[in-house]
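Please work through the exercises below with the sequence and the structure open beside you. Each task is followed by a solution that goes step by step.

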Amino acid sequence: MEKGTSTSKESLIARLVSTVSHVKEQYGVDIWFAEILGKRWSYIAGSTQGGDSLLPPERIELSERFGLVSDGWSQIPAGEREKIVSSLKEAVKTCAFP
């Protein structure tokens with residue numbers, strides 16, 4: 001594996017973990033990140049504890065390949081949700097994840 005690709009992957013995962021911590025601390029909402037593989041969303045990073053919601057989790061596509069999953073997304077103020085999604089879309093766009 002190329003060193004640049006590995007560094008980029010590590011950088012993306014660090015960014016995702018940081019976002020998870022921020023959202024959990026500020027809003028008490030769990031989020032997970034996934035690689036989109038057709039209809040399947042495969043876990044990459046995020047909270048490993050399931051939420052308490054009885055509703056199915058909301059899926060937000062960040063790119064054709066990556067997405068965000070949360071069972072409390074609507075609890076985050078709309079403006080903050082937009083900032084989070086915009087920031088993460090930029091992060092996955094610049095990542096050379098293999």
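Two strands are said to pair if DSSP finds at least two bridges between them. The model examined here is a predicted one.

**Exercise 1.** Determine how many bridges join S1 to strand S2, and describe how the two strands are connected.

*Solution.* Begin with the bridges: six of them join S1 to S2 (residues 40-46), and the two strands run antiparallel. One bridge can be located by its residues, since the partner of Phe33 is Ala45 in S2. Next, follow the chain from one strand to the other: S1 and S2 form a hairpin with two residues between them, and Gly38 in this turn has a positive phi of about 70°.

**Exercise 2.** Work out the order of the strands in the sheet, and say which strands stand at the edges.

*Solution.* S1 (residues 31-37) also pairs with strand S4 (residues 66-70), in the antiparallel sense and over five bridges, and here Ile31 stands opposite Ser70 of S4. Extending this to the whole sheet, four strands form an open arrangement in the order S2-S1-S4-S3, with antiparallel pairing. S2 and S3 each have a single partner strand and therefore stand at the edges, where one side of each is left without a neighbour in the sheet. From one strand to the next, the twist averages 35°. As for S1, the strand is mostly covered, with six of its seven residues buried.

**Exercise 3.** Decide whether Ser47 is buried or exposed, and find which residues Ser47 is in contact with beyond its neighbours in sequence.

*Solution.* Ser47 is found in the loop between S2 and strand S3 (58-61). A residue counts as buried under 20% relative accessible area, and Ser47, at 12% relative accessibility, therefore counts as buried. Leaving aside neighbours within four places in sequence, Ser47 is in contact with Val20, Asp30, Ile31 and Trp32. Val20 lies 27 residues from Ser47 along the chain, yet their C-alpha atoms are separated by 7.1 Å.

**Exercise 4.** Establish where the buried residues of helix H2 fall when the helix is seen down its axis.

*Solution.* H2 (residues 78-93) has 16 residues and reaches 22 Å from its first C-alpha to its last, close to the 22 Å expected at 1.5 Å a residue. The buried residues in H2 are Glu80, Ile84, Val85, Leu88, Ala91 and Val92. Seen down the axis of H2, these buried residues fall within an arc of 130°, so they line one face of the helix. Glu82, Lys83 and Lys93, on the other side of H2, are exposed.

Key:
Residues numbered from 1 in each chain as written. Predicted model: local features only at pLDDT ≥ 70, side-chain atom pairs only at ≥ 80, totals over all residues. Heavy atoms only, no water. Buried < 20%, exposed > 50% of the residue type's maximum accessible area, 1.4 Å probe, protein only. Contact = heavy atoms within 4.5 Å. Axes fitted to C-alpha atoms, helices over the stretch in contact; angles between N-to-C directions. Expected span 1.5 Å × (residues − 1). Arc of directions from axis to C-beta.
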